[in-house]
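Colleague: Could you walk me through the terms used for this fold? I would like to see each one set against its definition.

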Amino acid sequence: MKVPLTQQAQTVLDMMTSLGFGGLALDADPLEIRALYDGAIVPSSIAIEYVEDRAVPGPAGDIPVRIYRPAGTSPQPVLVYFHGGGWVLGGLETHDGTCRRFADDAGCIVVSVDYRLAPETRFPGAVDDCYAATCWVAEHAAEIGADPARVAIGGDSAGGNLTAVVAQLARDRGGPALVFQLMIYPVTDCEYASRSMVDNAEGYFLTADGMRWFYGLYLSDPDEEADPRVSPLRAADLSNLPPGFVLTAEFDPLRDQGRAYAAALRAAGNEVPDTLYEGVFHGFFAMYDLIDVGKQAMLDAVAALRGAFEER
C-alpha cells in the first residue's frame, strides 16, 4: 500500500503521469525520452543581469556552459552546477530555471555545465567534463567576475553524483579548492537493495527500473559500478572533503543512499548535514512553484550556500 504524498505532490505526480512521465521502461528509446523531457520545459520568469552561453575547453573538445551573473561589480562567489537526468537527459535549458533561482536568491554567479550525455558518451565522459569545467571556472574566475576563493559545486540527482565525484577528484588531484558541495537527492551508490530502493521501486516518478535504464546507458561494463566515480559512497577515503549539504526526498528510491553518503562524510570528519523532506518524490526540488516543500528546500539550499560563501 502506497503511503500518501502531500496533496500538492500527489497532484503534480498525477499530472506528470497523465503526460507520460510515469516511469521508464527498460527498453525505452533515450532519444524519445529526451524529446519528452525537453518538451516539458517551462521558461523561467526570473531576470538575471547577465546571461552568456559560451564554451570552455574539455578533455574531448569544448564543453558548452551557461553563465548567470547577477548585478554587482565586485567579485562574486560562484556555483558550478551539474544538471540531473541520469547522465542521459537534461541540459542547459532543462535547468535554466533552477540556475536562475540560485543566481538570484543566493547572489552568486552560476555556471551551468552541459556535459556530454550517454549513451553517445559513456562513463567517465560526464565526470571528465564536469571536473574540467570546474577547473576552468576556478582558473578563469576573474574573467567571469567571480571570486576564485569562493567556488562551490552542486547538482541534482545524477548532477548530485557528479558533485560528489568532482569533490573527491579535486581533493585527490590537488585542486581546485572548493568551499562547498550541494547535493540534491544524489546518486551515490549503484544498488537496488536499500529500503528506499525497494519501498519506492515504482509509483513515485523515478523508479528502480528507471535507475537500471540509466545505468545501462551510462556504463559500459558492470565492473564500473564499484568505481568511486560511479558510486562515490564506495570511495576508500572520504576525509578532507568540502563542507556541504545533502537534500533527500521521502518517497525516492535514492533516499537511503543519499543519507548514507552524508552520514559517511560526517563520520570521516566533514561538515555535511542532510535534510529529509517528507511527503515528496524525486524531482520535487525543481517544482518549487508547485510544491511548497520544494520552496522550503530551495530556501534551505540557498541559505546553506550563502553561509558557505560568507565564511570566506
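Modeller: Happy to; what follows takes the sheet, then the helices, and this is a predicted model.

Colleague: Thanks! What makes β1 and β8 the edges of the sheet?

Modeller: Start with the strand order, β1-β2-β4-β3-β5-β6-β7-β8, in an open sheet of eight strands with mixed pairing. β1 (50–58) and β8 (274–281) each have a single partner strand, so one side of each lacks a neighbour in the sheet. From one strand to the next, the twist averages 20°.

Colleague: How do you know that β6 and β7 count as paired?

Modeller: Pairing takes at least two bridges between the strands. Strand β6 (residues 180–184) and strand β7 (residues 244–251) have four bridges, in the parallel sense, so the criterion of at least two is met. Among the partners, L182 is matched with F245 in β7, and Q181 with G244 in β7.

Colleague: Which other strands pair in the parallel sense, such as those next to β5?

Modeller: β5 and β6 do, over five bridges, and there D156 stands opposite I184 in β6. β3 and β5 also run parallel, joined by six bridges, with V78 facing its bridge partner V151 in β5. Further along, β7 and β8 pair in parallel over five bridges; A249 stands opposite Y277 in β8.

Colleague: Why is β5 called largely enclosed?

Modeller: A residue is buried when its relative accessible area is under 20%. Nine of the 11 residues of β5 are buried, so the strand is largely enclosed by the rest of the structure. The reasoning carries over to β7: seven of its eight residues are buried, so β7 is largely enclosed too.

Colleague: What packs on the sheet, and which strands are touched?

Modeller: Helix α4 (residues 125–139) does, touching β1, β2 (61–69), β3 (76–82), β4 (109–113) and β5 (146–156). The direction of α4 makes about 115° with that of β1. α9 packs on the sheet as well, touching β3, β5, β6, β7 and β8, and its direction makes about 160° with that of β8.

Colleague: Now the helix pairs. Why is α3 called oblique to α9?

Modeller: Helix α3 (residues 96–106) and helix α9 (residues 292–310) pack at an angle of about 55°, with their axes 10 Å apart. Angles under 35 degrees are roughly parallel and those from 65 to 115 roughly perpendicular, so an angle between these ranges is oblique. That makes α3 oblique to α9. The crossing of α3 past α9 is right-handed.

Colleague: Which residues make that contact?

Modeller: From α3 come T98, R101, F102, D105 and A106, and from α9 come M298, A301, V302, L305 and R306. By class, the contact of α3 with α9 has six nonpolar residues, one polar and three charged.

Colleague: And what makes α4 and α5 oblique to each other?

Modeller: The axes of α4 and helix α5 (residues 158–172) cross at roughly 60° and come within 10 Å. The oblique range includes angles above 35 degrees and below 65, and α4 and α5 are therefore oblique to each other. Their crossing is right-handed.

Colleague: How does the contact of α4 with α5 divide by residue class?

Modeller: A126, V127, C130, Y131 and T134 in α4 meet L162, V165, V166, L169 and A170 in α5. Nine are nonpolar, one is polar and none is charged.

Definitions and conventions
Residues are numbered from 1 along each chain as its sequence is written. This is a predicted model: local features need pLDDT of at least 70, side-chain atom pairs count only at pLDDT 80 or more; totals for chains, interfaces and linings use all residues. Side-chain values use heavy atoms; hydrogens and water are left out. Axes are lines fitted to C-alpha atoms, for helices over the stretch in contact, and angles run from 0 to 180 degrees between N-to-C directions. Helices (H or I, at least four residues) and strands (E, at least two) are DSSP runs, numbered from the N terminus. Angles under 35 degrees count as roughly parallel, over 145 as roughly antiparallel, 65 to 115 as roughly perpendicular and the rest as oblique. A crossing is left-handed if the near helix is turned anticlockwise from the far one by less than a right angle, and right-handed if clockwise. Contact means heavy atoms within 4.5 Å. Ala, Val, Leu, Ile, Met, Phe, Trp, Tyr, Cys and Pro count as nonpolar, Asp, Glu, Lys and Arg as charged, and the others, Gly among them, as polar. Buried means under 20% relative accessible area, exposed over 50%, partly exposed in between (1.4 Å probe, protein chains only).
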